[in-house]
Amino acid sequence: MNLKYYMPTKVFMGEDCINQNKEIFKNIGRKAMIVTGRNSAKKNGSGEDVTKALTSLNMEYVIYDKILSNPTVISTYEGARIAKQNNVDFIIAIGGGSPMDAGKAIALLAAQDIKSEELFLGNYEDKILPLVLIPTTSGTGSEVTQYSILTNEKEETKTSIATELLFPVVTFLDAKYTLDLGLITTINTAVDALSHSVEGMLSVKSSSITDALAKESIQTILSILTKIHNQKENKTQDDKLNEILTFHDREELLYASCMAGMVIAQTGTTIVHGMGYSLTFFQDVDHGKANGLLLCEYMRLVESKEPNLVYKILNAMGYSQIEQLEKLLDSLLESKVELSEDEIILYSEKAFKTKNLNNCIVKPNVEEIKSMYNKSLTNLNVQKT
Ligand code: NAP
Ligand code: FE
């Protein structure tokens, strides 16, 4: 057996886990920079829990709350400049995948000089500001991965910085921050996590450890997505989601998304993510939704060449056919994306060049990628998001 398993992040989970474990901040640093998006951390209580904990410990902090969805390279250089200016010695990133990924890149760039043209090349010194990550969506698993995925304007795609330096020292998972997450973001992020686990099982780097984590998270996520599907017909308003999902469901989703993160930390993601990046970059399709739109077609391709792999995944889902998953995802993700012939050619060539392709047990060629875009996106109800 040839196996590597590395997950150095200390995970605290539970209601009020920040306050209950706040002493740990003292072991990490002296002055923090809190990296967040513009609004959500202020509204869901996560920002306040962190600042209260730091204040009670007499620790200093500055706040950088300018991270937008799909963070840019420029915003991370700007964040790193402010971190250095303020002499902070650790980073606390709060939010969805966007602020968490930006926080990771900021921690790296504040500790060492890296030219922007070398940012994605992987040659880093062994230096980074320690990271504390607090997820407030249940999707990316960034709190337990070594990836920071940034919008790469130069290459017109999304590209990851991947280095073990980026593993956070600590993550706090408190589902109370996710209680007011709206219906669409809840679905899209859960589908991202589902895709992570499925793709993990389709990766050349999968193992029995990652498969066990993947199966567990797949079952949890699908049961909650099914619950949303069964009840959302009558309750499509964002503010009604609390009537569908209990606190326990929210905890389960956050836990499952973290497990799916632990999977991709070992396995990487596949061509599904590689293809999704163009939908996000060029068509502004949300990251999780992009994966959800493409996942079933890739499973079909795998099924045609390695049927047992897909059988294993369907078995974990309690399904016998890919169509059952497809029906659920179609109904949850609703709108589809229309692509022109030229767009499909461009996106397929880009996807074929992504590092994600190397992770695939079944590696599609460019024609197969085109066909997957075509079948996933163009033959259903056409509506640009
Ligand atoms: P996101 O872009 O971080 O956040 C989406 C939206 O949700 C934002 O408007 C945000 O508002 C809001 N939001 C966040 N938490 C909320 C809460 N608790 N209540 C209400 N609103 C909330 O979305 P995401 O799907 O979590 O992250 C996507 C990013 O992660 C992509 O860039 C993707 O490439 C990356 N990703 C990374 C990894 C990894 O391993 N590193 C894996 C998969 C995906 P604010 O802006 O106000 O905060
Ligand atoms: Fe993802």
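Helices α7 and α12 are oblique to each other, and this pair is the opening stop of a tour through a predicted model. Select both helices: their axes come within 7 Å and cross at roughly 40°. The crossing of α7 past α12 is left-handed.

Next, display the side chains where these two helices meet. On α7, select Asn 188, Val 191, Asp 192, Ser 195, His 196, Val 198 and Glu 199; their partners on α12 are His 287, Gly 288, Lys 289, Asn 291, Gly 292, Leu 295 and Met 299. Sorted by class, this contact comprises four nonpolar, seven polar and three charged residues.

**From α12 to α13**

Keep α12 (residues 287-305) selected and add α13 (residues 307-317). The axes of α12 and α13 cross at roughly 130° and come within 6 Å. That angle makes α12 oblique to α13. To view the contact, select Met 299, Val 302, Glu 303 and Lys 305 in α12, together with Pro 307, Leu 309, Val 310, Ile 313 and Leu 314 in α13. Here the classes are seven nonpolar, no polar and two charged residues. Met 299 deserves a second look: this residue of α12 takes part in the contact with α13 and also in the contact with α7.

**A loop residue beside these helices**

Select Ile 361, in the loop between α16 (356-359) and α17 (366-378). Which residues does Ile 361 touch, not counting those up to four places away in sequence? They are Met 201, Leu 202, Ser 203, Val 204 and Leu 309. Leu 309 has appeared already, as one of the α13 residues that meet α12. For a distance to check in the viewer, pick the C-alpha atoms of Ile 361 and Glu 199: they are separated by 10.0 Å, although the two residues lie 162 residues apart along the chain. Ile 361 counts as partly exposed, because its relative accessibility is 35%.

**Helices α8 and α14**

Now select α8 (residues 208-232) and α14 (residues 322-333). They pack at an angle of about 55°, with their axes 10 Å apart. This makes α8 oblique to α14, and the crossing is left-handed. The residues to display in α8 are Leu 222, Leu 225, Thr 226, Ile 228, His 229 and Lys 232, and those in α14 are Leu 325, Leu 328, Ser 331 and Leu 332. The contact has six nonpolar, three polar and one charged residues.

**Aromatic rings**

Turn next to the rings. How many aromatic pairs does the structure hold? There are seven. Begin with Phe 12 and Phe 172, a stacked pair with 5.5 Å from centre to centre and 20° between the planes. The pair joins distant parts of the chain: Phe 12 belongs to strand β1 (residues 10-13) and Phe 172 to strand β8 (residues 170-173), 160 residues apart. Is Phe 172 buried or exposed? Phe 172 is buried, because its relative accessible area is 1%.

For a contrasting arrangement, select Phe 281 and Phe 282. Their rings are edge-to-face, 5.0 Å centre to centre, with 75° between the planes. Phe 281 is partly exposed at a relative accessible area of 22%, and Phe 282 is also partly exposed, at 28%.

Then add Phe 25 and Phe 90 to Phe 12 and Phe 172: ring pairs link these residues into a cluster.

**A buried threonine**

From β8, follow the chain into the loop that leads to α7 (183-201), where Thr 178 is located. Thr 178 is buried, with a relative accessible area of 1%. Leaving aside neighbours within four places in sequence, the contacts of Thr 178 are Thr 136, Thr 137, Ser 138 and Arg 250.

**Two asparagines with positive phi**

The tour ends at two loops. Select Asn 58, in the loop between α4 (46-56) and β3 (60-67). Asn 58 has a positive phi of about 60°, although it is not a glycine. Its relative accessible area of 72% places Asn 58 among exposed residues.

Finally, select Asn 87, in the loop between α5 (73-85) and β4 (90-95). What is the phi of Asn 87? It is near 50°, again a positive value in a residue other than glycine. Asn 87 is exposed as well, with a relative accessible area of 53%.

Notes: Residues numbered from 1 in each chain as written. Chains lettered and ligands numbered in written order. Predicted model: local features only at pLDDT ≥ 70, side-chain atom pairs only at ≥ 80, totals over all residues. Heavy atoms only, no water. Axes fitted to C-alpha atoms, helices over the stretch in contact; angles between N-to-C directions. Helix = DSSP H or I, 4+ residues; strand = E, 2+ residues; numbered from the N terminus. Parallel < 35°, antiparallel > 145°, perpendicular 65-115°, else oblique. Left-handed = near helix turned anticlockwise from the far one by under 90°. Contact = heavy atoms within 4.5 Å. Nonpolar A, V, L, I, M, F, W, Y, C, P; charged D, E, K, R; others polar. Buried < 20%, exposed > 50% of the residue type's maximum accessible area, 1.4 Å probe, protein only. Phe/Tyr/Trp six-rings, centres within 6.5 Å; stacked < 30°, edge-to-face > 60°.
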